[in-house]
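Work through the exercises below with the structure open. Each task is followed by a solution in steps.

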Amino acid sequence: MLRYIGRRLLYMLLSLFLIITATFFLMRAAPGGPFSGEKKLPPEIEKNLNEYYGLDRPWYSQYFDYLVSVAKWDFGPSFKYKGQTVNDLISDGFPVSFFLGMEALLIAVSIGILLGIIAALNHNKWQDYGAMVFAVLGISVPSFIMASVLQYFLAIKLHLFPVARWESLQHTVLPALALAATPMAFIARLTRSSMLEVLSNDYIRTAKAKGLSRGQITVKHAIRNALLPVVTYLGPLSAGILTGSFVIEKIFGIPGLGSHFVLSISNRDYTVIMGVTVFYSILLLASVLLVDIAYGFIDPRIKLAGGKKGE
Amino acid sequence: MKKLLEVKNLEVSFQTYGGEVQAVRGVSFHLNRGETLAIVGESGSGKSVTSQTIMRLIPTPPGRIKNGQILFDGEDLVKKTDKEMEAIRGKDIGMIFQDPMTSLNPTMKVGHQIMEVLTKHLKMDKSAAKERAIELLRLVGIPMPEKRVTQYPHEFSGGMRQRAMIAVALASNPKLLIADEPTTALDVTIQAQILELMKELQKKTNTSIIFITHDLGVVANVADRVAVMYAGKIVEMGTVDEVFYDPKHPYTWGLLASMPSLDSDDKSELAAIPGTPPDLTNPPKGDAFAPRNPYAMKIDFELEPPLFQISDTHYAATWLLHPDAPKVEPPEAVKKRLRKLSSNYPQPVIVKESE
């Protein structure tokens, strides 16, 4: 197990290196730069700025310097937000996005799985159709419309929650719901279809032949086997949801990481693009690793073998 | 009371888009305590549906028990509610399925799957159930049961999984064990071991067994009595000797003739029954086997044959047993095995159809 994780960490470093390299050169290949705006800067100032940030040096020295500083967990200063480093941006924005994302993830997973199970157990009955109509809505309605609808009805009409801003737990409910809607719908559909497949398996018939009740069969025999595809989906989903959503953060005025991710690109804020991408990649790689480890716990047939065969 | 199970005029249908499939069309048989009854027939003859109906395992809908009674220990299982059936399944009736590779839950320890039966029906606590599970694994011939009990099904071979399934089915000492083609998915040597094991366990526990198979070789090995099913009906039923050495129904002849034997040389072609079983959405008029039956007479296409009784235990539904029917010779392969049985009545008797 430890050997397996060690090997996976090595692979993660390798992927990270490839991601950094690709982003670095793609970013440089894009036209424009951090200091090109509508008003052209005087050439001397631009030259000084480039010198100050080291942008005048040859690409390889910039590239290797960057690799070294990333290894030291230093993403450098932001070009656009004066006086702030990328590390500051991340450590300010990420906790907010993380909290919001966790809340959304919890809603999406718990309600999604529940809906999926209810739909599967009542296959082709009204509960099934109801849940699936709900799921199709959740998948097809974009999050910004969902957010506006929630704001209009729950905040403005019913005064249940505040419309926007990021102040108390109350403020987190609407953005979390809006963020959770699509993944929740997706998880519900995924759970339903894999549950239906599991329920038609021979071992479910065996469980019935043992005299177990419907509830016991569902809880003890069906759910665990049905959750594997959901867990697979959870890896990339959680990385995506935890780093924040640009749209949701904009609509609700939330100071999260998502807006940096998008704005830095149009700003050509090189260090922020790199920093956020690297951070996101680490999160993604880590959650994929977690999912793979979780497989081993859910399904004993999946062995997490290191170099040699375990045991 | 000697009879453990009595099935009377059972009719089971499935509602499909193509119409109502009459899978079981009036099946009656009984099973004595400690006895093994084999139900044989080709795919789609209704043998599995019959057995799953006894356990009330057919999905309803689309399935429906249209008619009949299943008297188990004097109580009619057809009338039981789902909750009442839960108390009978696994406790009084155990079941073994065809494919041991898929019949066990892959993410649950084998021991736990046995313990479930014990905690549910015998109200054992966890440690007692585990002890008993180890004992059961030892009983079904699994070596090192203390270690095996905490393993998962994928760590077992096919034959061992079927042994584990038998342990599950026998965990609470059921009065009846239904084995639905338990050896079909296993290779021949393992098959022989499993059959041997079942016979041995039956001797120890005096369990009655319904053994469903399409393999007549297996039947001869394990059964006391045999019921031959075709198109949702029992066409012939009798003791093993009666069905093997004095078969009366042309379908049974066909089955026996298509059984390869050691002394058949490689020049003679293996006999087969021509054609396919009828579509049970529209069961044919008359005898369902008539279109495939080289001995069919005109009446076979018009009127269903009644049940004739040949001895105390031997029944067959064919017009050939009617006093007015012409004498016919069974196929060569069957003729070779015919013996005179002293228990036969001088004349086959028509059994009155109970309405």
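**Exercise 1: the fold of chain B**

In this predicted model, 47% of the 355 residues of chain B count as buried. State which radius of gyration chain B has and why it agrees with a compact globule.

Solution.
1. A compact globule with 355 residues would have a radius of gyration near 20 Å.
2. Chain B has 21 Å, which agrees with that value.
3. The C-alpha trace of chain B spans about 70 × 50 × 45 Å along its principal axes.
4. The secondary structure of the chain consists of 11 helices and 13 strands.
5. Counting contacts in chain B between residues at least 6 apart in sequence, 67% join residues at least 24 apart.

**Exercise 2: the two domains of chain B**

Find which element gives the most to the side of domain 1 of chain B that touches domain 2 of chain B.

Solution.
1. The domain assignment places domain 1 at 3-223 and domain 2 at 228-350 of chain B.
2. Their C-alpha centres lie 29 Å apart.
3. Domain 1 of chain B puts 24 residues into the contact, and domain 2 of chain B 17 residues.
4. On the domain 1 side, at least two residues each come from strand 2 (19-32), strand 3 (36-40) and helix 8 (216-222) of chain B.
5. Strand 2 of chain B gives the most, with 10 residues.
6. By class, this side of domain 1 has 11 nonpolar, 9 polar and 4 charged residues.

**Exercise 3: chain A against chain B**

Identify which helix supplies the largest share of the side of chain A that touches chain B.

Solution.
1. The contact takes 18 residues from chain A and 23 residues from chain B.
2. On the chain A side, the elements giving two or more residues are helix 8 (202-209) and helix 9 (214-226) of chain A.
3. Helix 8 of chain A supplies the largest share, 6 residues.

How values were computed:
Residues numbered from 1 in each chain as written. Chains lettered and ligands numbered in written order. Predicted model: local features only at pLDDT ≥ 70, side-chain atom pairs only at ≥ 80, totals over all residues. Helix = DSSP H or I, 4+ residues; strand = E, 2+ residues; numbered from the N terminus. Rg over C-alpha atoms; globule rule 2.2 N^0.38 Å. Buried ≥ 20, exposed ≤ 12 C-beta atoms within 10 Å, placed from the backbone. Contact = placed C-beta atoms within 7 Å. Domains from an automatic or database assignment. Nonpolar A, V, L, I, M, F, W, Y, C, P; charged D, E, K, R; others polar.
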